Amino acid sequence: MVGIWDDFFRAEAAESYDAMHMYLNQTWKEVKRVLVPGGIACVNIGDATRTKDGVFHLYPNHSRVIETFERMDLITLPYILWKKPTTKPRYKGKGAFLGSGFLPPNAYVTLDMEYILIFRNGTLRTFEPKDPKRYRSKFTKIQRDEWFSQVWTVTGARQTHGGLERRVAAFPEEIPRRLIRMFSIEGDLVVDPFLGSGTTLKAAMDLGRRFIGYERLGDFSGIIRERMGRDSERIVFQKQSVAEQISELKA
Ligand SMILES: C[S@@+](CC[C@H](N)C(=O)[O-])C[C@H]1O[C@@H](n2cnc3c(N)ncnc32)[C@H](O)[C@@H]1O
């Protein structure tokens, strides 16, 4: 998230924290619109720190997103803290923890967690008794105990395309794989408004879910096709101009 804020959002002229969240809110509105009753939305977001005019600030992105979803009348469920084991402590959010970094009281705690926020659209989803697709989607006790606990330790995404995964802040496949298994059943439609290098698409297809993704940059299609191997024949990429999107919304 921090990376996107710097590179992508600055390019969009959303230079401030508020402007970034106003930009994101447009997507959250669409997420609410397309969610089925009882459907679940998961948002992976990290907080950020910046020093502005010599003063340190924490930007708690996760709380902004929760407030937005609450205002849209979605139900906030307990969230997951994704701990990335590779992150080393950094002194005052900057360099290595050296010298005076070992002396109290002026060092800061390192942000080495990201949030996976979870929201439900209204009441619980209902199913026919013994719905075969639901039963085929069940998880094991070991999976339940690990997945439904609040702290996940999952290593970062493998870098396979010259650092592209880092540039688009790709998460490791294990993250969407777990969430899709936890909150959808076989044949459900998974929607990812921030497709990037297609990590969620890959997990959704492997797990027998249908999928629609949106990506504002066109140049990921080759990477996604390569990543999907033979399954890539089942993917249709459609270019849509902003004008087309607006007229579709009005129709
Ligand atoms: C954090 S990355 C997603 C990474 C993805 N999970 C992956 O595994 O590669 C966010 C992506 O969303 C795209 N994006 C940002 N705003 C968008 C919007 N309004 N509509 C569609 N795509 C958008 C960016 O171009 C970027 O590729």
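**Exercise 1. Ile-116**

Work out whether Ile-116 is buried or exposed in this predicted model, and find which residues outside its own stretch of sequence are in contact with Ile-116.

*Solution.* Start with the neighbour count: Ile-116 has 20 other C-beta atoms within 10 Å. The cut-off for a buried residue is 20 or more, so Ile-116 is buried. Next, place the residue in the fold: Ile-116 belongs to strand β5, which spans 113-120. Now skip the neighbours within four places in sequence, and the contacts of Ile-116 turn out to be Cys-42, Asn-44, Tyr-79, Ile-80 and Trp-82. To match those up with elements, note that β1 covers 40-45 and β4 covers 75-83. Last, look at His-62: 54 residues separate it from Ile-116 in sequence, yet the C-alpha atoms are 8.7 Å apart.

**Exercise 2. Trp-28**

Do the same for Trp-28: in which helix does it lie, and which residues beyond its sequence neighbours is it in contact with?

*Solution.* The helix is α2, residues 17-34. Counting around Trp-28 gives 20 other C-beta atoms within 10 Å, so this residue is buried. With the neighbours within four places set aside, Trp-28 is in contact with Thr-68, Phe-69 and Met-72. For scale, helix α3 runs over 61-71. Then check a partner from much further along the chain: Pro-193 sits 165 residues away in sequence, with a C-alpha to C-alpha distance of 9.1 Å from Trp-28.

**Exercise 3. The chain overall**

Zoom out and say how many helices and strands the chain has, and what share of its residues is buried.

*Solution.* The tally of elements is ten helices and eight strands. Of the 251 residues, 20% are buried. For the contacts, take those between residues at least 6 apart in sequence; 60% of these join residues at least 24 apart.

**Exercise 4. How α7 meets α8**

Describe how α7 and α8 cross, and which residues make the contact.

*Solution.* Get the geometry down before anything else. The axes of α7 (174-183) and α8 (199-206) come within 8 Å and cross at roughly 45°. That angle is in neither the parallel, antiparallel nor perpendicular range, so the two helices are oblique to each other. As for the hand, α7 passes α8 in a right-handed crossing. On the α7 side the contact uses Pro-176, Arg-177 and Ile-180, and on the α8 side Thr-199, Thr-200, Ala-203 and Ala-204. Sorted by class, that makes four nonpolar, two polar and one charged.

Now go round the rest of α7. Its buried residues are Ile-175, Pro-176, Arg-178, Leu-179 and Ile-180. Those buried residues pack against β1, β4, α5 (141-147), β7 (189-192) and α8. Pro-176 and Ile-180 thus turn up on both lists, as buried residues and as part of the α8 contact.

**Exercise 5. Around the ligand**

Find which residues come nearest to the ligand and which elements give two or more residues to its shell.

*Solution.* There are 17 residues around the ligand, and the nearest are Ala-170, Phe-194, Gly-196, Ser-197 and Thr-199. The elements giving two or more residues to this shell are α1 (2-11) and α8. Split by class, the shell has ten nonpolar, five polar and two charged residues. Thr-199 is worth a second look: besides being in that nearest group, it takes part in the contact with α7.

**Exercise 6. Backbone oddities**

Locate the cis peptide bond, then say where Asp-73 and Lys-130 are found.

*Solution.* The cis bond joins Pro-104 and Pro-105, with omega about 5°. Pro-105 is in the loop between β4 and β5.

Asp-73 isn't a glycine, but has a positive phi of about 75°. Its place is the loop between α3 and β4. Asp-73 has 9 C-beta neighbours inside 10 Å, so it counts as exposed.

Lys-130 also has a positive phi, near 60°. You'll find Lys-130 in the loop between β5 and α4 (132-136). With 7 other C-beta atoms within 10 Å, Lys-130 is exposed.

Methods:
Residues are numbered from 1 along each chain as its sequence is written. This is a predicted model: local features need pLDDT of at least 70, side-chain atom pairs count only at pLDDT 80 or more; totals for chains, interfaces and linings use all residues. Axes are lines fitted to C-alpha atoms, for helices over the stretch in contact, and angles run from 0 to 180 degrees between N-to-C directions. Helices (H or I, at least four residues) and strands (E, at least two) are DSSP runs, numbered from the N terminus. Angles under 35 degrees count as roughly parallel, over 145 as roughly antiparallel, 65 to 115 as roughly perpendicular and the rest as oblique. A crossing is left-handed if the near helix is turned anticlockwise from the far one by less than a right angle, and right-handed if clockwise. Two residues are in contact if their C-beta atoms, placed from the backbone, lie within 7 Å. Ala, Val, Leu, Ile, Met, Phe, Trp, Tyr, Cys and Pro count as nonpolar, Asp, Glu, Lys and Arg as charged, and the others, Gly among them, as polar. A residue is near a molecule or strand if its C-beta atom, placed from the backbone, lies within 6 Å of it. A residue is buried if 20 or more other C-beta atoms lie within 10 Å of its own, exposed if 12 or fewer, and partly exposed in between; C-beta atoms are placed from the backbone.
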